[in-house]
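Colleague: Please take a close look at one aromatic residue and the part of the chain around it. I would like one connected account.

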Amino acid sequence: MKVFALTLLAACSANEKVYEETIAGYLQTDECGKWTDLGFKILSMKTKACTVGECIRILIDDAEMEKRQAIAAEEASLQMMKQQMEEKIKSEFLGKMFREIYEKEVAYSEQRIRALEKAIPAEAGLYKGLDPEMLLGIRVTCTYRISIPWGNARHEQTDSFLLTPDGKKVIGTDPRDHI
């Protein structure tokens, strides 16, 4: 049992070393491929597997939030149109003309709200047929320190990086997403 625990600890430690090297290379290399020694040092690290199922959940959650915001905006617009219509229709001269215009706009807004309520996020279809447990990448949230080479300034920062499943390449960063 102790041998298994030590083996698992060594494997985790080896993976973290790979992640650290990958992130260090990513942060210390500019767009032109020039490497600058920033004295990169990881102070703390948390890792989390990013699976197909998790990606689908994130896409659906984001789409639902956008859908709620779009519905709220459309409903606010609809309310404002209805109030304006009531005021304009009071005038006998302009009443008929405005009634037709506003009734079309109200019908369009109501149709748009119904369509938004039924909408299903298309992005989730990208993962259709894939095993929800399939590993797409590793999310690494780390606090690190870098030193500015042209001064004595040190900077500490926490960021999340999405790495390939083998941990040898940074796919992207997400400053809003910390484990």
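Modeller: This is a predicted model. Apart from its neighbours within four places in sequence, Phe-40 contacts Glu-20, Ile-23, Ala-24, Leu-27, Gln-28, Tyr-144, Arg-145 and Ile-146. One of these, Tyr-144, is also its partner in an aromatic pair, with 5.4 Å from centre to centre and 35 degrees between the planes, which is a tilted arrangement. Phe-40 sits in the loop between helix 1 and strand 1, while Tyr-144 belongs to strand 2, 104 residues apart in the chain. Both Phe-40 and Tyr-144 are buried.

The rings do not stop at this pair: Tyr-26, Phe-40, Tyr-144 and Phe-161 are linked by ring pairs into a cluster. The total is 3 aromatic pairs. In the pair of Tyr-26 and Phe-161, the planes stand at 80 degrees and the centres lie 6.1 Å apart; planes over 60 degrees apart count as edge-to-face, so this pair is edge-to-face. Tyr-26 lies in helix 1 and Phe-161 in strand 3, 135 residues apart. Phe-161 is buried, at 1% relative accessible area, whereas Tyr-26 is partly exposed, at 39%.

Next comes the nonpolar core. The largest one has 15 residues, and those touching the most other members are Ile-23, Phe-40, Val-140, Cys-142, Tyr-144, Phe-161 and Leu-163. Helix 1, strand 1, strand 2 and strand 3 each give two or more residues to this core. Strand 2 supplies the largest share, 5 residues. A second core, separate from this one, has 8 residues, among them Ile-71, Leu-78, Tyr-102 and Ile-113.

Terms used
Residues numbered from 1 in each chain as written. Predicted model: local features only at pLDDT ≥ 70, side-chain atom pairs only at ≥ 80, totals over all residues. Heavy atoms only, no water. Phe/Tyr/Trp six-rings, centres within 6.5 Å; stacked < 30°, edge-to-face > 60°. Helix = DSSP H or I, 4+ residues; strand = E, 2+ residues; numbered from the N terminus. Buried < 20%, exposed > 50% of the residue type's maximum accessible area, 1.4 Å probe, protein only. Core = buried A, V, L, I, M, F, W, Y, C linked by side-chain atoms within 4.5 Å. Contact = heavy atoms within 4.5 Å.
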